[in-house]
Amino acid sequence: TEDMGLANAHHALSQKNLPAAIIYFDGDPFFPKVAKASLSGLQAGGGKVVLYEGISDSSKDFRSILSKAKQQGVKSLFV
């Protein structure tokens, strides 16, 4: 589980695709673990995460979250 997040973080760091945004489904224990590992991996490598947000299963409209990410100049979006 955590390896997936760390691998994605390493890729974003190696390609200099930063800052990053992490959006995850918080209704299942799997997704927050992957998101937390991604956050830790990015921060450990000196990467900047400008948005880290959980969403519920009832969320149908992601425009506000994506708008926040766009305003922050995100180059990597972890979903």
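Select Phe31: this residue is partly exposed, because its relative accessible area is 36% (buried means under 20% relative accessible area, exposed over 50%, and partly exposed in between, with a 1.4 Å probe and protein chains only). Accessible areas come from the Shrake-Rupley method with a 1.4 Å probe, and for residues only the protein chains shown count as cover.

The model is predicted: local features need pLDDT of at least 70, side-chain atom pairs count only at pLDDT 80 or more, and totals for chains, interfaces and linings use all residues. Residues are numbered from 1 along each chain as its sequence is written, and side-chain values use heavy atoms, with hydrogens and water left out.

**The rings around Phe31**

Keep Phe31 and add Phe30, which is also partly exposed, at 31%. The ring centres of Phe30 and Phe31 are 5.2 Å apart and the planes stand at 80°, so this pair is edge-to-face. Rings of Phe, Tyr and Trp (its six-membered ring) pair if their centres lie within 6.5 Å; planes under 30 degrees apart count as stacked, over 60 as edge-to-face and the rest as tilted.

Now add Phe25, partly exposed with 26% relative accessibility. How far apart are the ring centres of Phe25 and Phe31? The distance is 5.9 Å, and with the planes at 70° the pair is edge-to-face. Ring pairs join Phe25, Phe30 and Phe31 into a cluster. The whole structure holds three aromatic pairs.

**The largest core**

Next, select Ala9, Ala12, Ala20, Ile22, Tyr24, Ala35, Leu39, Leu42 and Phe78. These nine residues form the largest nonpolar core (a set of buried Ala, Val, Leu, Ile, Met, Phe, Trp, Tyr and Cys residues joined through side-chain atoms within 4.5 Å). At least two core residues come from each of helix H1 (2-14), strand S1 (20-25) and helix H2 (30-44). Helices (H or I, at least four residues) and strands (E, at least two) are DSSP runs, numbered from the N terminus.

Within this core, pick Leu42. Neighbours within four places in sequence aside, Leu42 has contacts that include Ala9, Leu13, Leu18, Gly47, Val49 and Phe78 (contact means heavy atoms within 4.5 Å).

A separate core has six residues, including Ile23, Leu51, Ile65 and Ala69.

**Helix H3 and a surface patch**

Go to Leu66 in helix H3 (residues 63-71). Is Leu66 buried, partly exposed or exposed? Leu66 is partly exposed, because its relative accessible area is 41%. Beyond neighbours within four places in sequence, Leu66 contacts Ile23 and Leu77. From Leu66 to Ala12 the C-alpha distance is 18 Å, across 54 residues of sequence.

Add Phe62, Leu77 and Val79 to Leu66 to see a nonpolar surface patch of about 400 Å². Patches are made of residues with over 30% relative accessible area and no salt bridge: like charges are joined within 9 Å, nonpolar side chains (Val, Leu, Ile, Met, Phe, Trp, Tyr) within 5 Å.

**Two salt bridges**

The count of salt bridges is two (a side-chain nitrogen of Lys or Arg within 4 Å of a carboxyl oxygen of Asp or Glu). Select Lys68 and Glu53, whose side chains form a salt bridge at 3.2 Å, N to O. This pair links distant parts of the chain, with Lys68 in helix H3 and Glu53 in strand S2 (residues 49-55), 15 residues apart. Lys68 is partly exposed at 38%, and Glu53 is partly exposed at 22%.

Finish at Arg63 and Asp61, a salt bridge with its closest N and O atoms 2.7 Å apart. Arg63 is exposed, at 62% relative accessible area, whereas Asp61 is partly exposed, at 43%.
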